[in-house]
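Visitor: I would like to learn how labels are given to parts of a protein. Could you take me through some of them?

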Amino acid sequence: MSNNKNNDLSLPSFAKRKPSLLATIICILASCFYMYEFILQVSPAVMTNQLISDLGLNAITLGTVAAFYYYSYTPMQLPAGFLFDRFGPRRLLTGAILTCAVGAFLFGSTSSIAIASAGRFMMGMGSAFSFIGTLVLISRWFPSGYFAFLTGLVELMSSVGAIVGEAPLTIAVEHWGWRQTIITLGIAGVILALLVWLIVRDSPEAVSKGHRFQATSKKTILQSFHQVAANSQTWFIALYSFMVWAPITAFAALWGVPFLVVAYGISTKAASTACTMIWLAIGIGCPLLGWWSDKVNLRRMPLKFAASLGVFGLVPVIYMPHLPLLWLYVCLFLFGLAASGQSLAFGVVKDNNHSSVAGTAIGINNMATVAGGALFQPIIGILLHLNWNGVYSNGTPFYSVENYRKAFIVLPFCYFIAFLIGKFLIRETHCQQQPHLAK
């Protein structure tokens, strides 16, 4: 269809275009939404005692209320990608940010567990549009050679959001209470939504024609999904993303701290500090790996390099006893750098699909990335339980170093599989959208 030609940023005229100030401002605003949603995502962690007291919760109900964020976030990845292809970023991002803000208002003003859960659900639903929308805007406003590096910078914003959602938010809760803090975040969301509506435009073509919106795609969600799903590269790249990110969700987000306490004889606080090296490396590695890929005009080599770092980083941490603390930090940093490969994978999946279905392709890849946590956190728990020798400590099961080492064998194996995928299955695109893709 003729409208899709306007979307194709691989055309020579747009490939040569230098990014404008408007393009930079637009993508900064979209990235701010990604940072904002991470603050909302981690916020319950710094107000657990207040939530339990004010809402009459216990550990189980608190975990359930907080998890309502993910109940909407994860399944919305695929439809979010399609909706961006169909209706464009400006309207959807504005509506998504307002949805997050309304969710924050509900959560911060209620004493009902049901309404608080609905607020978290709305936050997750709106947040599902943040990362995909930002990448769609980057793909439309910047030449292909910028995509991987800018995707890395966007990932860095998530690290900033997670950091802001810890210590600074803790201070805010101590000074103003959890309700006022969450409501203030809701107000910030309304302001951000207004800025996005006033400033963001769907594409350079829309601006050049004096339009506020890009002409929408006429494809149905099934047509868009079928086009993307029919491309085998989409699934190879999604599998790579799953493999390099699942160990992060299993180790850094859940099982790593208790393992380090048992294996290295350190305190929980010291183990948590050691795990921050993983997140620090992700924040640094995502833009760095993207810059390297764009610089050498290659995708596969950086993908393979990242996967290999996962093996070299994790194996010593898990299987080398009495690893010096300095080397523990170094290896955890390498582990985090390996996970940066999932950021670059978004550039590869964009290269391998037509721009008219870029949002759908990015959505599938992001869903594969997010799915790692849903699968691998319980898988490690199951493996731990199967290897448990029946020992208790203070009435709770005690898992030994050997129990963890047997359960963790799947983690470096993930990076080995990712390396094989990068070497044999993913096609080199040389940082350009591939020609002759179906429109």
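Guide: What follows is a set of short questions and answers on this predicted model.

Visitor: Let us start with the whole chain. What is its secondary structure?

Guide: The protein chain has 21 helices and 2 strands. Of its 439 residues, 55% count as buried. The accessible surface comes to about 18100 Å², and carbon and sulfur atoms hold 71% of that.

Visitor: Now the rings. Why is the pair of Phe131 and Phe346 called edge-to-face?

Guide: Two values decide it. The ring centres must lie within 6.5 Å, and the planes must be over 60 degrees apart. Here the centres of Phe131 and Phe346 are 4.8 Å apart and the planes stand at 80°, so the pair is edge-to-face.

Visitor: Where in the chain do Phe131 and Phe346 lie?

Guide: Phe131 is in helix α9, residues 130-141. Phe346 is in helix α18, residues 341-351. The two are 215 residues apart, and the pair links distant parts of the chain. Both Phe131 and Phe346 are buried.

Visitor: What makes Trp292 and Phe305 an edge-to-face pair?

Guide: The test is again within 6.5 Å for the centres and over 60 degrees for the planes. The rings of Trp292 and Phe305 have centres 5.4 Å apart and planes at 85°, so this pair is edge-to-face. Trp292 belongs to helix α15 and Phe305 to helix α16, so the pair ties together parts 13 residues apart in sequence.

Visitor: Are Trp292 and Phe305 buried or exposed?

Guide: Neither word fits. Buried means under 20% relative accessible area, and exposed means over 50%. Trp292 has 25%, so Trp292 is partly exposed. Phe305 has 41%, so Phe305 is partly exposed too.

Visitor: How many aromatic pairs are there?

Guide: The count comes to 21 aromatic pairs. There is also an aromatic cluster of Phe251, Phe259, Phe335, Trp388, Tyr392, Tyr399, Tyr404, Phe408 and Tyr415.

Visitor: How do you know that Lys350 lies over the face of Phe147?

Guide: One part of the test asks for a charge within 6 Å of the ring centre, and the other for a position within 35 degrees of the ring normal. Lys350 is 4.8 Å from the ring centre of Phe147 and is listed as lying over its face. Lys423 lies over the face of Phe424, at 5.6 Å from the ring centre.

Visitor: Which residues make the nonpolar surface patch?

Guide: Leu98, Phe105, Ile187, Val190, Ile191 and Leu195 make the patch, which covers about 460 Å². Helices α7 and α11 each give two or more residues to the patch. The largest share, 4 residues, comes from α11.

Visitor: What makes Ile187 fit for a patch?

Guide: A patch residue needs over 30% relative accessible area. Ile187, in helix α11, has 44% and is partly exposed.

Visitor: Why is Ser117 called buried?

Guide: The limit is under 20%. Ser117 has 7% relative accessibility, so Ser117 counts as buried. Ser117 lies in helix α8 and touches Val65 and Phe68, leaving aside residues up to four places away in sequence.

Visitor: Why is Ala238 called buried?

Guide: Its relative accessible area is 5%, which is under 20%, so Ala238 is buried. Ala238 sits in helix α14. Ala238 and Ala345 are 107 residues apart in sequence, yet 7.8 Å apart in space, C-alpha to C-alpha.

Methods
Residues are numbered from 1 along each chain as its sequence is written. This is a predicted model: local features need pLDDT of at least 70, side-chain atom pairs count only at pLDDT 80 or more; totals for chains, interfaces and linings use all residues. Side-chain values use heavy atoms; hydrogens and water are left out. Rings of Phe, Tyr and Trp (its six-membered ring) pair if their centres lie within 6.5 Å; planes under 30 degrees apart count as stacked, over 60 as edge-to-face and the rest as tilted. Buried means under 20% relative accessible area, exposed over 50%, partly exposed in between (1.4 Å probe, protein chains only). Patches are made of residues with over 30% relative accessible area and no salt bridge: like charges are joined within 9 Å, nonpolar side chains (Val, Leu, Ile, Met, Phe, Trp, Tyr) within 5 Å. Accessible areas come from the Shrake-Rupley method with a 1.4 Å probe; for residues, only the protein chains shown count as cover. A salt bridge is a side-chain nitrogen of Lys or Arg within 4 Å of a carboxyl oxygen of Asp or Glu. Contact means heavy atoms within 4.5 Å.
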